[in-house]
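This report introduces the structure shown below. It treats the protein chain and then its surface near the RNA.

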Amino acid sequence: MTSHAVRVRIAPSPTGDPHVGTAYMALFNLAFARQQGGQFILRVEDTDRARLVEGSEQEIYRSLRWLELEWDEGPDRGGPFGPYRQSERLPLYQTYARQLVELGHAYECWCTPERLEQVRAEQRRQSQPPRYDRFCLGKTRAQRATEPGFGERSVVRMLIPDSPPLVFDDLIRGETHAPFPDDQVILKSDGFPTYHLAVVVDDHEMRISHVTRGEEWISSTPKQLLLYLWLGWEPPKFAHFPLLRNPDRSKISKRKNPAARLLWFREQGYLPAALRNFLALMGWSMPDGREIFSFDDLVEHFAWERFSPVGPIFDVEKLDWLNHQYIQALPDEEFLRQARPFLLHDGEEEAIRRLIAPLKERTKRLADISEQVDFLYAEGSSADPSLLLKQGLEAGAAGEALRTATELVRTVDPFEPEPLEAAFNAEGERRGWKRRSFLMTVRVAATGKTATPPLFDTLAALGRERTIARLQAAAAHLDAAARAAR
RNA sequence: GCCCCCAUCGUCUAGUGGCCCAGGACAUCACCCUUUCAAGGUGAAGAUCGCCGGUUCGAAUCCGGCUGGGGGUACCA
């Protein structure tokens, strides 16, 4: 069969929180499929019953959809080549495994894990590559049962020939050499296939045209090439992506790096478009060097040649910058909508509404927002007198400034940034206070912080009553501190 | 140990024999702007293109070796 239709797939395993690498693969696969007018398939590789995690499959769907990387065929939406869950395709793998045994390309093995471990240990001691010693090859069950290290339930192993294909063409790396394979198990004793059998059978049955996966799979490609050969199938094209790395250059892992968890990005408040953009910058670049671009741009310019085979370190600082760029470009209502899940207090949204512009400018991750407006809820903890006095005004002047500010806040109408600013400017100038000192004193008194959004926006967000209360409380504290000092 | 992959500023990268004594971005630093913090603007610092040999009139770009990093080495994917 020589179909030229492009069909690509990602094949995650539901063994825990969705992995960022899954999104990385999905992004480029989808882009390639869209560019070629092909299909993007999601297949769940749940053949490892021991590591299966309940609910993990749903989380994969959820996180990929959050990233807006939708698939054309998959377990939850069907398609012409289903089922798309490997655990539902068992008879298929068993049929092919049996066929391979009959053809003499595979054989049964009854060795116990203990015996296998023993063999490997011995080979290691002699600096030999660890390979199965074919102890069971050519034996019947009855014959083998009389010998040591026999287990009741058998597995099926590949019988690797003397000269298997070890070279293949990789879309990213060009001609690539891979190690000589072992007599790999293809059907486990629980009747489930291992990755190697399942991936070949499914990729073929699902008409996958380009197999893409992480670089960690290069070493197992010869086994799969052999399977294609034995089954008489045309192998797909291969592309082994560089591996995303931790800052210490090891393969990105959940243990060392929170960013390995796809859900982490949503929790932190990264925008899907920003994450997609950032992922597209890992190991890949635009022909014109642009670093900010959309998924559609990627679709338009995608080319395998633009991949670098080097495993990039996942640099969260640059992601923060990118995310900030995207946040700043958000329309106000959209910003509010995105921010909503990160708000912690009742009525916070209304207060924030007045601060949208300055907040957009100051937010790298949406999860930062609450901290930036926490002064709105800092009742009772009015400003520390020593902090107030560090803002450039002498004790007497500071107290006077606060009383003046209180009066202005009480009378300015409407209670909006512009009139407030005009009034404060005029009054500050009349009294001869340095603008900076005057406003900082008021800022600290009203918010307890030295860094806030622009003062008059902040006061407007706080509201007239609360502002008055805080300024008065701060002035009182200042007086009390002065009395105590005397 | 054995096998495979990889190697340009701290990080992400451009670069496919001369345009490169290496360009951009993030981060860093300085200055400007400024009511703070940001944002924005300007500028600086930062890579003997891992090392050694070779090919060539000419190498970051091609070849070999070394070193370093990573991955694989499972009845895990």
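Two residues are in contact if their C-beta atoms, placed from the backbone, lie within 7 Å. Among contacts in chain A between residues at least 6 apart in sequence, 78% join residues at least 24 apart.

This is a predicted model, in which local features need pLDDT of at least 70, side-chain atom pairs count only at pLDDT 80 or more, and totals for chains, interfaces and linings use all residues. Residues are numbered from 1 along each chain as its sequence is written, while chains are lettered from A and ligands numbered from 1 in the order in which they are written.

The mean pLDDT (the predictor's confidence in each residue, from 0 to 100) of chain A is 94, and 99% of its residues reach 70 or more. The model has an ipTM of 0.96 and a pTM of 0.94.

The C-alpha atoms of chain A occupy a box of roughly 105 × 50 × 35 Å along the principal axes.

The surface near RNA strand B (C-beta atom, placed from the backbone, within 6 Å of the strand) includes E45, D48, S127, P179 and P312, which come nearest of its 67 residues. The table divides these residues by class; Ala, Val, Leu, Ile, Met, Phe, Trp, Tyr, Cys and Pro count as nonpolar, Asp, Glu, Lys and Arg as charged, and the others, Gly among them, as polar.

| Class | Residues near RNA strand B |
|---|---|
| Nonpolar | 26 residues |
| Polar | 19 residues |
| Charged | 22 residues |
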